[in-house]
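Subject: A structure for you to look at

Hi there,

Here is the structure I promised to pass on. Have a look at it first, and then read my notes below.

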Amino acid sequence: MTTTETAELRRRVQLWFGPQHPGITGNMSVQAWLEGDTLTAGVTHVGYLHRGFEKLMERRRYIQSFPIVCRICVPEPDTNEYLLAAGLDELSGLAAEVPERGRWIRTLVLEMSRLQMNLMTLGGHIGAMAMGAAPNWLIAMRDFVLDRFEELTGGRIYHMFITYGGVRRDLPEGFAERMEADLEAIEEKLPLVDNVIFDSSVFRKRAIGVGVVPEEWVDEMSLSGPIVRAMGIPRDVRKDFPYEKYPELDFEVVTTTGSDIYARAWVRRQEIAQSIDLIRQILRKMPEGPYCAKLPNMLTWTIPPGQTYVRAEATRGEMGYYVVTDGSDKVRRVHVRAPSYVHGVALLERMIPGTNIADLAPLMVSFQVCPPEMER
Amino acid sequence: MMHILDEIRERFGAEWQNEQRPDLLQIGVQAKTIVPLLTWLKAHTPFVQLTHLSAVDWIEDGEFQLTYLLTDPKAHVSLMVCTRIDREQAEAESIHALWPQAVTYEQEINEMFGIHFPGSPRQGVPFILEGWNDIPPMRRDFDTVAYMNSHHPSRPGREHTDPRAYIGKVFGERGYLHDDD
């Protein structure tokens, strides 16, 4: 913000929304200016969580970066693990050696990750409007998926499971049956959630027509994810830039119209059903065979000079990794292109003027802003 | 899509080009052509989205690399435009007039690498750091260990163990256990 802008804004009521506020979407704050109940301007502030992930990776061997990248978005770490692995697989030449089963298990993990994250975010949608029942149910459903993550990887939140050349372990015996039981349990309870969220007059009044993002901003600001699909635009990295086993799965990009908070919540609800279906397809198609390529000695592994950009569809939108290598045993540069970087700063600041103060938290949740990935 | 690289080479000149993948083209150009090139790409080609803007410190060459990633959202192809600038005169033209979200990228690169983008609205305004008075931390010559030791010294009485020496003491000189150990 320029000095002139700041001087002008000093004449209005200033409110710091966060970093300690139940409505904020994590460790960030919005410096907002008010006239009555209406926000006239806002500036996103990050840095409360900065741990210098990208810098740390430049000082560590390739294998040592996995415990770092999973922390770049705490509730959805697997996209980060996959992108680091995919980028360095490509630059090292390992990409061609990833076995089929390894690719299918990677796809399974990515879709399980999307499922649990969408369950949590859908709860956030209504939690931001101070309604508590559905978020608790959805968090409980998410825990079913976390149970399977714990069984598969040993960790509920941070998994460090996708690695170079494939994944770290094979599926445990009986995993598919237990996963199916959990998916059925989630499906059984979802109609309750629909009643409380999408049939709720309170949610409809506060979400329909609120936070409408204009379609012309999509290319201008490089928007992605449910924000774009809620405008009726079928953009999804899984279809547009296919990776792993997504081209072999049968699914359509979920879209709706309205481009408001309600439409974005509806897209997420449909993507929960889509993820359940995709997980079933993946488990049915899972081939036998090795799950990881033969890896070089990780203590002495060097990768030839090169640069690439790899992308995947996180629940928040396009997540990308710009990876540069210089022939040494450490990355030269990793730069994370996070969806929240655009949605949480440029887009949010552009949407704030004219927004009612009570709608700020629901708006941020509908953009699914994840602060750690903004400050990496 | 390789024809776009040939057209850029003809119109603006190119130092190198590469097809990293069928959906990812790369080209290196001189810094003075960046803004005219990106303006032309946005106005006359399908590469209308600025997906990413990044910097790399090539300290051994005395240069910074700026990388602009543009995407054609209909053909699903990305174009990576790279340029190098002098590390001592670290300055580049701003592209915030072309894409508004470039303000945040340029603000962060200014903070983390010390590269200045004249005219970009938030130059010098902290993005992540607060009260930072050292060299920009993403530069290769910023020593993270020295910074930690000088700013966050260990508590008195805390015992330090060199990991390599400790592993050697416990597991022997090889530093690891074999299955038959």
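**What I found in chain B**

B:Leu24 has B:Ser78 as its bridge partner in β5(B). This is a predicted model, so please keep that in mind as you read on. That pair belongs to a longer match: β2(B) and β5(B) are joined in the parallel sense by five bridges.

As background, strands of a sheet pair through backbone hydrogen bonds, and they do so either parallel or antiparallel. You can find both kinds here, as the sheet has mixed pairing.

Now look at the other neighbour of β2(B). Strand β1 (residues 16-21) of chain B runs antiparallel to β2(B), again with five bridges. One residue to pick out is B:Glu19, whose bridge partner in β2(B) is B:Leu25. With two residues between them, β1(B) and β2(B) make a hairpin.

How buried is strand β2 of chain B? It covers residues 24-28 and is mostly covered, with four of its five residues buried.

Next, try following the whole sheet from one side to the other. It is an open sheet of five strands in chain B, in the order β1-β2-β5-β4-β3. At its edges are β1 and β3 of chain B, each of which pairs on one side only. From one strand to the next, the twist averages 20 degrees.

At the β3 end, β3(B) and β4(B) run antiparallel and are joined by nine bridges. Among the residues involved is B:Ala55, which has B:Leu66 as its bridge partner in β4(B).

There is a helix to find as well. Helix α1 (residues 2-12) of chain B lies across β1, β2 and β5 of chain B, and it runs at about 15 degrees to β2(B).

**Where chain B meets chain A**

How many residues of chain B are in contact with chain A? The count is 29 residues of chain B, in contact with 29 residues of chain A. On the chain B side, β3 (49-58), β4 (63-72), β5 (77-86) and α3 (102-113) each supply at least two residues. Which element gives the most to the side of chain B that touches chain A? That is β3(B), with six residues. By type, this side of chain B divides into 16 nonpolar, 11 polar and two charged residues.

So β3(B) is a good strand to finish on, because you meet it twice: as an edge strand of the sheet, and again on the side that touches chain A.

Enjoy exploring, and write back with any questions.

Best wishes

Key. Residues are numbered from 1 along each chain as its sequence is written. Chains are lettered from A and ligands numbered from 1 in the order in which they are written. This is a predicted model: local features need pLDDT of at least 70, side-chain atom pairs count only at pLDDT 80 or more; totals for chains, interfaces and linings use all residues. Two residues are in contact if their C-beta atoms, placed from the backbone, lie within 7 Å. Ala, Val, Leu, Ile, Met, Phe, Trp, Tyr, Cys and Pro count as nonpolar, Asp, Glu, Lys and Arg as charged, and the others, Gly among them, as polar. A residue is buried if 20 or more other C-beta atoms lie within 10 Å of its own, exposed if 12 or fewer, and partly exposed in between; C-beta atoms are placed from the backbone. Two strands pair if DSSP finds at least two bridges between them. Axes are lines fitted to C-alpha atoms, for helices over the stretch in contact, and angles run from 0 to 180 degrees between N-to-C directions.
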